[in-house]
Amino acid sequence: MALKNKDSGPPQATAEMQLARKRRTQAERSSDTRKRVCQATLQALTEIGYERISTQDIANRANVSRGAITHQFPTRNELIVAAFEYLINSWESEWPFDTTQGHPSLKADELIDVLWDKLFAPDKYMASLELMLAARLDDDLGRNLRNAMSRWTTKRDNIIAEILGVAQDSERTRTFIQINLCMLRGLAVHKSFDSEQNAARKMLEQWKEILRELAKSDQFLK
């Protein structure tokens, strides 16, 4: 008497599962392709840089055909901009920038940790730096990337001010926020080539100590 394989379901159930997989709409398939291509583009930008990426390399990473990529993104610039917008959307969907979850109240040094862990420390941040540099030499690409970045930075900076509990329309606040972002951006670049694994973290801790000392001043962020 043959034993029934307990891991295999009834033939009808198996057929129904296969049919369900086949029932994805064209829009769903298209969305999935775009997502995989954007993820692959960001990965390529991070690992090999803007100058060396190719449509074929991205197709291989995304496990799609070059034709599928060109169907979704007729030009290279459209692909690059879509990947950048995908990255921005991923930032916007995470705490503390997700507006549906509400925003915490943090001190400046506490916020530095959040910004570092959520935005600047992950490897994919290098993809955004690659694109910022590339935008300098391509007017069309630069214009589209700056438009996407402008929307994100306005939202990001307003939320940061809200988290810190300071006036969003204050020039002093805006300058303070940008100083911190520049510091974190520089650390992200430094981390990418420094052979000392914990160098960025050491500098980050010292910067937080400076912020704690500044916070003792009555003029701090007023």
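Serine 54 sits in the loop between α2 and α3. In this predicted model, serine 54 has a relative accessible area of 31%, so it is partly exposed. Its C-alpha atom is separated by 9.1 Å from that of threonine 41, although the two residues are 13 apart along the chain.

Another residue with a distant partner in sequence is lysine 35, which belongs to helix α2. Lysine 35 has 42% relative accessibility, so it also counts as partly exposed. Between the C-alpha atoms of lysine 35 and alanine 82 there are 9.5 Å, and along the chain these two are 47 residues apart.

Helix α2 covers residues 26-48, and threonine 33 is part of it too. Is threonine 33 buried or exposed? Its relative accessible area is 13%, and the cut-off for buried is under 20%, so threonine 33 is buried. Once neighbours within four places in sequence are set aside, threonine 33 is in contact with Val64, Ala68 and Gln72.

Here are those three residues side by side, together with one more that comes up below.

| Residue | Place | Relative accessible area |
|---|---|---|
| Threonine 33 | helix α2 | 13% |
| Lysine 35 | helix α2 | 42% |
| Serine 54 | loop between α2 and α3 | 31% |
| Asparagine 63 | loop between α3 and α4 | 65% |

**The chain as a whole**

Let's step back for a moment. The chain has ten helices and zero strands, so to speak a plain run of α-α-α-α-α-α-α-α-α-α when you read along the sequence. Of its 222 residues, 38% count as buried. Take the contacts in the chain with a separation of 6 or more: 66% of them are between residues 24 or more positions apart.

**Two spots in the loops**

Asparagine 63 lies in the loop between α3 and α4, the latter being residues 66-72. Its phi is near 60 degrees, which is a positive value in a residue other than glycine. With 65% relative accessibility, asparagine 63 counts as exposed.

The other spot is proline 96, in the loop between α5 and α6. The peptide bond leading from tryptophan 95 to proline 96 is cis, and its omega is near 10 degrees.

**The nonpolar core**

Which residues touch the most other members of the largest nonpolar core? They are Leu115, Trp116 and Phe120, out of 62 residues in that core. Two or more residues each come from α2, α3 (55-62), α5, α6, α7, α8, α9 and α10 (199-215). Helix α8 gives the largest share, with ten residues.

Phenylalanine 120 is worth a look of its own. Not counting residues up to four places away in sequence, it touches Leu115, Tyr125, Leu181, Leu184, Arg185 and Ala188.

Tyr125 brings us to helix α7, which spans residues 125-135. Buried residues in α7 are Tyr125, Ala127, Ser128, Leu129, Leu131, Ala134 and Ala135. What covers them? The cover includes α2, α5 (76-92), α6 (108-120), α8 (139-164) and α9 (171-193).

**How α8 meets its neighbours**

Start with α6 and α8. Their axes come within 10 Å and cross at roughly 145 degrees, and the crossing is right-handed. On the α6 side, the contact is made by Ala108, Leu111, Leu115 and Leu119, while α8 brings Trp152, Arg156, Ile160, Ile163 and Leu164. By class, the residues of this contact are eight nonpolar, no polar and one charged.

Now for α7 and α8. These two pack at an angle of about 135 degrees, and their axes are 8 Å apart. That angle makes α7 oblique to α8. Here the crossing is left-handed. Helix α7 takes part through Leu131, Met132, Ala134 and Ala135, and α8 through Leu141, Gly142, Leu145, Arg146 and Met149. The residues of this contact fall into seven nonpolar, one polar and one charged.

Technical notes
Residues are numbered from 1 along each chain as its sequence is written. This is a predicted model: local features need pLDDT of at least 70, side-chain atom pairs count only at pLDDT 80 or more; totals for chains, interfaces and linings use all residues. Side-chain values use heavy atoms; hydrogens and water are left out. Helices (H or I, at least four residues) and strands (E, at least two) are DSSP runs, numbered from the N terminus. Buried means under 20% relative accessible area, exposed over 50%, partly exposed in between (1.4 Å probe, protein chains only). Contact means heavy atoms within 4.5 Å. A nonpolar core is a set of buried Ala, Val, Leu, Ile, Met, Phe, Trp, Tyr and Cys residues joined through side-chain atoms within 4.5 Å. Axes are lines fitted to C-alpha atoms, for helices over the stretch in contact, and angles run from 0 to 180 degrees between N-to-C directions. A crossing is left-handed if the near helix is turned anticlockwise from the far one by less than a right angle, and right-handed if clockwise. Ala, Val, Leu, Ile, Met, Phe, Trp, Tyr, Cys and Pro count as nonpolar, Asp, Glu, Lys and Arg as charged, and the others, Gly among them, as polar. Angles under 35 degrees count as roughly parallel, over 145 as roughly antiparallel, 65 to 115 as roughly perpendicular and the rest as oblique.
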